[in-house]
Each structure stands twice: as C-alpha cells, then as structure tokens.
Amino acid sequence: MRIANIIATGSEVTSGQVVNLNAAWISQKLLEFNFEVQRHIAVDDHKDRILEALILAHSSSDLVIVTGGLGPTTDDLTRQIVADWSGLKLKFNASEWERIQQRLKSLDVEPRQGHKWQAYFPEDAEIFVNNAGTASGFSVVVNLNHKKTLFWFLPGPPYEIKKIWQDHLDQKLNIIGPQKTSKLKSWQFIDLAESELAHIVEPLLEPLGFAVGYRASPPLVELKVWVPDHLNVDQISAFQTIDSLLKDHIHFKDFDDPMVKFFKKYFLSLSSSSISISSAKRTTSKSADEDSNSFYIQDEITEGELLHRLEALKDLNLKDLSMPKIYYANLAMQKHGFPFLKIFQTAENSFSFEFQTHQGKSFQEQITFKRKVSALRQKKWVCEMLFKRLTAYCSSEGLV
C-alpha cells in the first residue's frame, strides 16, 4: 500500500481560527486509490517549521499533499521554501501571470506585485491551473537522500482545492493507478459500545494478522479492516462469525449507507443531481415532473441533524445517486399527494414517522430507543434508523 501525508500550512489553522476540513476531504479521496494516509500535519507560517514538516513527510511518503501558503502576501512562504529545499530554481510563468491578471480584472481588482509572485513555480514543476482562484497548484518530485517523493502543492480555500482536484488530480490518480492489492472492509454498528465491539472482534481478527481500526461516532461505531483481494477459508470464517455474533447491531456494511441506499432506490429514475434545500413556498400549478422530483419533510425532532445528513450527500459525488429537491414543509403539503415524510416525538423514549409515496401509499411506524441516551444522541439515532426502515418498507411494497 502506498503512503501519503497531508500538510496544512497557515497560522489560522494552528490557532484554531480555521478547522482543517481539507485534510479529511483529501484523505477520503486518496482512500479510493488505496493510499494509506499516515499523518495530518498542521504547521504555522514559520519557515523553519514548514521545512521540518516537508522533510518529515518526504522521508516516509510516496505522495505528500501540501495545502496553503501560495497566496500573494508575505506570509505565503511555501513556493520559496520548496525551491530552496529541493534545489529547484523558481521560474516565472508568463501564461500564468496573464491568467492571473485577467481573473483579477474580471473581479475589478488591480493586479499587484504580490499577485505576480503567484506566477513563479519551481523549474520543471507541473502546474495545476486554478480555475476558481489566482493561486494555481503545482507538482514536483523531490529527490533527496536517495528518496523520491511526489509533492502536490495546493491553495488553501476548500472550493479551490476541489476545483483543482476535479480538473487535474482525479485524472492524475487514475494515471498513477489504484494498485488495489487490498481493500477496506467496514461495518457500522449501532447500540454497541466500542469496548464491547473490540472485546468480540479482536480475538477473531488479530491472530489472522489483520490491522483493526475503530471510529466511534455515537450512536454508531465503525470497525475498519484492511483485507487482501482474495481471502482464505479462515479469514472468511472470521468475518462470518462477526456477522453472526453481532447481527442485531449491524447497521450497514461496506459504506452501504441506508440514507444513500434509500435515495438510490426510491429516486433512481429522477434526473436531478443535487440537493436544493429551500422554504416550501408551494402552489398547485407546478408540473407533474416537478412534483415527482420533490421530497417534502416535516421534521419535528432532529433540530437540523437530518438536514446535515442530507447536505453531506452532496459531497459524495455518487454518479448513480439521483437526488430530488428537498423541501422543509408543513402538514398541508401532505394533502397534495407529494412524497412526504413527517418525523415527530411520541414519548421520551420513542418517535414516529409517516411516509407518503408519490403513488399515494402511506406508511407509519413507531420506533422505541433500545437504551436511554442523551437528546443529541437520540437525534442522530433517529436519522440513522429512519432511512433504514424506509428502504425496507419500499422494498417490501415493491416501490423500488
């Protein structure tokens, strides 16, 4: 498995003013290509400490991705540090300077000398043109101390990173090749403590040489195991034993998220590719196509947790997931026969939901919490269980 490190530069990161969400997003992208991300490094705008981070990452990585430090101000040090350390001279790129000037003028901003600094790159660097900002990224191979490491340097703003990734880096990773000699198996368990899970699975998996990882995000806990492409009899038996012993707690396996599964099944034929959250200002004059491409929710319990889960679906970028427009609505919308979901508390330890399909069929169920949990954990538990039950209902009724 190839090793990657991610470095975030910027005093705004180390001071806590900015949460380093870039590292999490990049790690998920690299996981698709079987990179093991071993370190997330955050370092302030100090030349010596940035250099220390680069040297550390170079010594142990096949790929290092560095974010930040490519701007037009004096605290943007990355390109000069890289050039000095690697022995690659900085060279002015006239076409990049022309692009930067045109972009600034389109924004009615006067180009300054600092902006021109963004047109300098280490010699032989491959430039990743930034179509969302002025600071383009670049790639260099650092060959020091008998070790070659590929470095990708990217700007700091998340939307610029995502644009560069879309325009350049997805293709680069496809050229490099996934090299998938192993894959990640994942279980999400509900109503099970991390310590209880470890007590059961580690005696089964550790003798087989598997590296086991956990991620607790109440009410769920994830079990992660890297496995070879071809399992032997003992390995298959161990996983079957886990499934059998913990069948009452398995929420989903191998990233088959019930919320994603529901929308994939129920709205498979719809063409909308993004979620639009808006107030439900609805009239009966809308077309039938618009009606079938809408989903109305009356949420009286999760206080935004459901919205958060729905918003997160946009970042998954699943080509086979066709999302409807999501509206927060009131009970009046249910009378028009649109796909409608109502969630409400029925008692301290239970909640109910009503689901009306676009075909006019309806389904209602009350769910009781298996154990006493905090109010915050209840809200998350509701979101997790809700779509699992809806998917099962739609399948049983032949609606999907």
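The second largest pocket of this structure has a volume of about 450 Å³. Lining that pocket are 29 residues, and those closest to its centre are Glu 12, Gly 68, Pro 155, Gly 156 and Pro 157. The model examined here is a predicted one.

Several elements help to build the wall of this pocket. At least two lining residues of the second largest pocket come from each of β1, α1 (11-14), α2 (21-31) and α7 (158-176). Helix α7 supplies the largest share of that lining, with three residues. In chemical character, the lining of the second largest pocket consists of twelve nonpolar, twelve polar and five charged residues.

A wider view of the chain helps to place these details. The protein chain holds 13 helices and 18 strands. Of its 400 residues, 46% are buried. Contacts in the chain often bridge long stretches of sequence: among those between residues at least 6 apart in sequence, 70% join residues at least 24 apart.

Helix α3 offers a good place to look at burial in detail. This helix runs over residues 47-60 and has 14 residues. From its first C-alpha to its last, α3 reaches 21 Å, which is close to the 20 Å expected at 1.5 Å a residue. The buried residues in α3 are Ile 50, Ala 53, Leu 54, Ala 57 and His 58. Seen down the helix axis, the buried residues of α3 fall within an arc of 130 degrees, so they line one face of the helix. The cover over these buried residues includes strands β1 (2-9), β2 (35-43) and β3 (63-67), helix α4 (78-86), and strands β7 (137-144) and β8 (147-154). Strand β1 thus appears twice in this account, as part of the cover of α3 and as a contributor to the lining of the second largest pocket.

A single side chain rounds off the tour. Trp 117 lies in helix α6, which covers residues 113-117. Trp 117 has a relative accessible area of 25%, and is therefore partly exposed. Leaving aside residues up to four places away in sequence, Trp 117 touches Gly 71, Asp 76, Arg 79, Gln 80 and Leu 90. As for Ala 135, this residue is 18 residues from Trp 117 in sequence, and the two are 9.5 Å apart in space, C-alpha to C-alpha.

Conventions:
Residues are numbered from 1 along each chain as its sequence is written. This is a predicted model: local features need pLDDT of at least 70, side-chain atom pairs count only at pLDDT 80 or more; totals for chains, interfaces and linings use all residues. Side-chain values use heavy atoms; hydrogens and water are left out. Helices (H or I, at least four residues) and strands (E, at least two) are DSSP runs, numbered from the N terminus. The expected span of a helix is 1.5 Å times one less than its number of residues. Buried means under 20% relative accessible area, exposed over 50%, partly exposed in between (1.4 Å probe, protein chains only). The arc is that of the directions from the helix axis to the C-beta atoms. Contact means heavy atoms within 4.5 Å. On a 1 Å grid over the protein atoms alone, a cavity is a set of points where a 1.4 Å probe fits but cannot get out, and a pocket is an open set with protein on both sides within 12 Å along at least five of seven lines; lining residues have an atom within 4 Å of a point. Grid points are joined across faces, edges and corners, and a volume is the space filled by probe spheres set on the points. Ala, Val, Leu, Ile, Met, Phe, Trp, Tyr, Cys and Pro count as nonpolar, Asp, Glu, Lys and Arg as charged, and the others, Gly among them, as polar.
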